[in-house]
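Please open the structure in your viewer and keep the sequence panel beside it. The tour below moves from one selection to the next and says what is to be found at each stop.

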Amino acid sequence: MAQVEKRGGLLRKSSASKKPLKEKVVLMYDEIFMTEDPSKCSPRFWEELFLMKVNLEYLEGKLESLDGEELMKIKDNINCLFQHCIQALGEEHPIRVVNALQTLCALIRGVHQKNKSTSGFDIINMLMGFDKAELCMKNLMESLDSLLCAEGSESLKSLCLKLLLCLVTVTDNISQNTILEYVMINSIFEAILQILSHPPSRREHGYDAVVLLALLVNYRKYESVNPYIVKLSIVDDEATLNGMGLVIAQALSEYNRQYKDKEEEHQSGFFSALTNMVGSMFIADAHEKLSVQTNEAILLALYEAVHLNRNFITVLAQSHPEMGLVTTPVSPAPATPVTPLGTTPPSSDVISSVELPLDADVQTSNLLITFLKYSSIVMQDTKDEHRLHSGKLCLIILTCIAEDQYANAFLHDDNMNFRVNLHRMPMRHRKKAADKNLPCRPLVCAVLDLMVEFIVTHMMKEFPMDLYIRCIQVVHKLLCYQKKCRVRLHYTWRELWSALINLLKFLMSNETVLLAKHNIFTLALMIVNLFNMFITYGDTFLPTPSSYDELYYEIIRMHQSFDNLYSMVLRLSTNAGQWKEAASKVTHALVNIRAIINHFNPKIESYAAVNHISQLSEEQVLEVVRANYDTLTLKLQDGLDQYERYSEQHKEAAFFKELVRSISTNVRRNLAFHTLSQEVLLKEFSTIS
């Protein structure tokens with residue numbers, strides 16, 4: 001019985017007696033894979049080839065099936081095909097251009113598949129030939145630049161970006177991709193900016209453009225001058241920066257929305273009923289099932305924008321009208337499919353619509369709020385490697401924001417108040433906060449809430465020391481700004497103090513296990529010095545005198561924890577072990593905290609004895625504290641309001657290299673055959689003139 005064969009370019013009906021016929025384009029590919037020049041016998045060979053519908057799968061498969069030696073024998077024909085592809089990009093008829101772009105994708109990917117250490121050939125030589133490479137790549141990049149900047153087909157622009165992403169990600173380590181030298185010399189930076197600055201093209205291609213830019217910025221960034229870094233750092237066009245911010249915000253919003261949908265699905269389903277019956281023993285499992293794939297590619301783009309471009313900081317706080325409530329119906333998704341890159345980008349209907357309001361009151365969102373909500377989700381679970389990387393990158397971005405003077409100005413601006421509904425990890429010992437009761441506060445309160453949330457939810461066996469250090473650094477940098485600018489923030493500081501003390505208790509109770517892996521004294525010193533900041537400078541930034549009293553009350557109430565910490569560091573600093581120096585620093589840092597405890601505790605005990613009270617109330621303790629400030633002597637500690645500024649190159653290079661490798665692999669994997677398909681393009685260019 002006849003059947004349709006689809007593999008290997010066979011698309012005709014076959015029967016038991018007859019051999020299936022090959023597509024014309026497949027026969028032409030076979031001629032290219034001979035050692036003879038295919039145009040010798042057929043002068044119109046190349047013209048005809050680009051009128052044929054490309055069979056990507058067959059072409060890539062054929063290239064992959066050859067070994068290095070066989071490939072070298074047909075190098076001239078591959079060079080010829082590559083050059084004719086570039087020539088065809090200048091053709092007037094779009095069908096030829098489309099076919100040339102797709103053929104280039106297949107060629108670049110197919111040849112790279114052979115680039116194993118054993119094959120012994122150079123990619124550039126195999127694709128273009130050393131002598132013609134410079135001119136070839138100049139012509140290719142100029143053609144792509146023209147197509148991206150032209151008024152023409154959106155589908156064609158989409159395919160140009162796919163080709164560029166294909167070119168950038170063919171190697172896991174993009175810095176080893178020598179072809180990118182030509183992409184550095186023949187920059188398409190302006191074309192990317194043009195896409196981001198025009199709303200229609202941004203909606204269609206913004207995601208691909210932003211991911212492409214983030215990857216190009218990371219090409220040999222530590223070894224040579226990367227023109228994309230230089231150019232990105234000086235962009236000051238408002239429309240472009242806003243466009244970039246909007247693309248990032250929408251991708252993060254889509255993640256937040258997917259997570260919220262999954263969460264609601266879980267809460268309303270059978271699992272919720274079961275949990276109510278048997279208690280919360282399954283909370284951890286339920287939480288794991290809520291996981292949505294993280295988006296490191298878009299997070300990297302946000303990082304590069306925040307880190308490199310000071311003008312981008314203004315975009316963080318700008319409300320996006322496209323992300324507020326819309327009354328107009330959502331426009332249907334355009335014909336061009338949006339390709340998943342690295343992780344799934346927001347679908348087109350999300351891009352043309354918007355993030356849901358943060359609460360019942362109509363409230364416009366901004367990129368920073370969306371990012372904080374995203375961070376609150378990905379930072380909940382750091383067991384998975386991708387989420388650990390995402391959590392770390394979120395904290396690095398927050399570090400850059402916390403160091404920036406302008407960012408701090410709008411974070412602390414009392415006239416810019418928002419309700420930020422952060423996600424909180426389900427925990428047995430606390431109730432889920434009601435979203436409706438969220439107060440309207442400056443954005444810095446949400447940042448501090450996020451840090452407190454991280455502190456209280458990650459005290460576990462697999463202790464994320466690196467993330468804790470970054471978290472405490474963010475808090476410290478914000479306090480330094482408040483002290484310097486005398487900003488009196490109305491924040492529930494007690495929650496932070498309580499979280500920090502609980503963290504110290506955790507470090508002490510798990511001393512042996514943690515010391516086997518980490519220098520816990522670095523973290524302990526940072527925590528103690530945060531308290532020293534409040535003790536020494538609290539009168540300049542705490543909102544009221546009573547807040548300062550509460551700080552002393554909290555230290556006195558939890559004195560046992562500080563006493564235990566002192567005993568521990570004293571024990572280790574008097575031994576000649578590896579922790580001697582680190583522990584002795586904490587011993588010295590505790591001097592003022594110990595002075596407060598030793599000064600007030602006897603007075604509180606005396607007050608209780610005189611008044612025959614077995615247990616003093618908080619108000620009575622505060623009364624003793626207020627009455628005895630004058631006789632307290634504290635030492636002035638230097639450098640509490642100083643910090644080392646963030647530096648990527650010296651400390652984070654290894655992390656970013658690994659992250660970019662992971663993103664590159666993801667992007668390449670998601671540039672599947674169907675994403676380069678011609679169906680949409682053929683509909684658009686249905687007539688050949």
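In what follows, a helix axis is a line fitted to C-alpha atoms over the stretch in contact, and the angle between two axes runs from 0 to 180 degrees between their N-to-C directions. Keep in mind throughout that this is a predicted model.

**The whole chain**

Begin with everything shown as a cartoon: the protein has 35 helices and four strands, and 55% of its 689 residues count as buried. Among the contacts with a separation of 6 or more, 77% join residues that are 24 or more positions apart.

**Helix 11 against helix 14**

Select residues 189-197, which are helix 11, together with residues 238-268, which are helix 14; the two pack with their axes 7 Å apart and at an angle of about 75 degrees. An angle from 65 to 115 degrees counts as roughly perpendicular, and helix 11 is therefore roughly perpendicular to helix 14. Now show the side chains where they touch: from helix 11 come Leu-193, Leu-196 and Ser-197, and these meet Ala-239, Thr-240, Gly-243, Met-244 and Val-247 of helix 14. Five residues of this contact are nonpolar and three are polar, while no charged residue takes part.

**Helix 12 against helix 13**

Next select helix 12 (residues 199-217) and helix 13 (residues 227-234), whose axes come within 8 Å and cross at roughly 120 degrees. This crossing makes helix 12 and helix 13 oblique to each other. On the side of helix 12 the contact is made by Leu-213, Leu-216 and Val-217, which meet Tyr-228, Ile-229 and Leu-232 in helix 13. The residues here divide into six nonpolar, no polar and no charged.

**Leu-308 and Ser-175**

With those helices still displayed, add Leu-308, which lies in helix 17 (residues 296-308). Is Leu-308 buried or exposed? Its relative accessibility is 18%, and Leu-308 therefore counts as buried, the limit for that word being under 20%. Leaving out residues up to four places away in sequence, Leu-308 touches Val-217, Ile-229, Leu-232 and Ser-233. The last of these, Ser-233, is 75 residues from Leu-308 in sequence, yet the two C-alpha atoms are 4.9 Å apart in space.

Then go to Ser-175, in the loop between helix 9 (154-169) and helix 10 (180-185). Although in a loop, Ser-175 is buried, with a relative accessible area of 15%. Apart from residues up to four places away in sequence, Ser-175 touches Asn-218, Tyr-219 and Arg-220.

**The nonpolar core**

Which residues touch the most other members of the largest nonpolar core? Select Phe-312 and Phe-521, which hold that place among its 231 residues. Helix 27 (residues 520-541) gives the most to this core, contributing 14 residues. Centre the view on Phe-312 and, leaving aside its neighbours within four places in sequence, look for its contacts with Leu-241, Met-244, Gly-245, Ile-248, Leu-302, Ala-305, Val-306 and Leu-367.

**An aromatic cluster**

A search of the whole structure finds 23 aromatic pairs, and one of them is formed by Trp-497 and Phe-534. Their ring centres are 5.4 Å apart and their planes lie at 85 degrees, so the pair is edge-to-face. Trp-497 belongs to helix 25 (residues 493-509) and Phe-534 to helix 27, so the pair ties together parts that are 37 residues apart in sequence. Both Trp-497 and Phe-534 are buried. Widen the selection to Tyr-491, Trp-493 and Phe-541, which form one aromatic cluster with Trp-497 and Phe-534.

**Three loop residues**

Finish with the loops, starting at Arg-486, between helix 24 (465-485) and helix 25. Arg-486 is not a glycine, yet has a positive phi of about 50 degrees; its relative accessible area is 58%, and Arg-486 is therefore exposed. His-612, in the loop between helix 31 (591-610) and helix 32 (618-627), likewise has a positive phi of about 50 degrees without being a glycine. With a relative accessible area of 74%, His-612 is exposed.

The last stop is Asp-413, found in the loop between helix 22 (405-411) and strand 3 (417-418). At 26% relative accessibility, Asp-413 counts as partly exposed. Draw a distance from its C-alpha atom to that of Val-487: the two residues are 74 apart along the chain, and the separation is 9.3 Å.

How values were computed: Residues are numbered from 1 along each chain as its sequence is written. This is a predicted model: local features need pLDDT of at least 70, side-chain atom pairs count only at pLDDT 80 or more; totals for chains, interfaces and linings use all residues. Side-chain values use heavy atoms; hydrogens and water are left out. A nonpolar core is a set of buried Ala, Val, Leu, Ile, Met, Phe, Trp, Tyr and Cys residues joined through side-chain atoms within 4.5 Å. Buried means under 20% relative accessible area, exposed over 50%, partly exposed in between (1.4 Å probe, protein chains only). Contact means heavy atoms within 4.5 Å. Angles under 35 degrees count as roughly parallel, over 145 as roughly antiparallel, 65 to 115 as roughly perpendicular and the rest as oblique. Ala, Val, Leu, Ile, Met, Phe, Trp, Tyr, Cys and Pro count as nonpolar, Asp, Glu, Lys and Arg as charged, and the others, Gly among them, as polar. Rings of Phe, Tyr and Trp (its six-membered ring) pair if their centres lie within 6.5 Å; planes under 30 degrees apart count as stacked, over 60 as edge-to-face and the rest as tilted.
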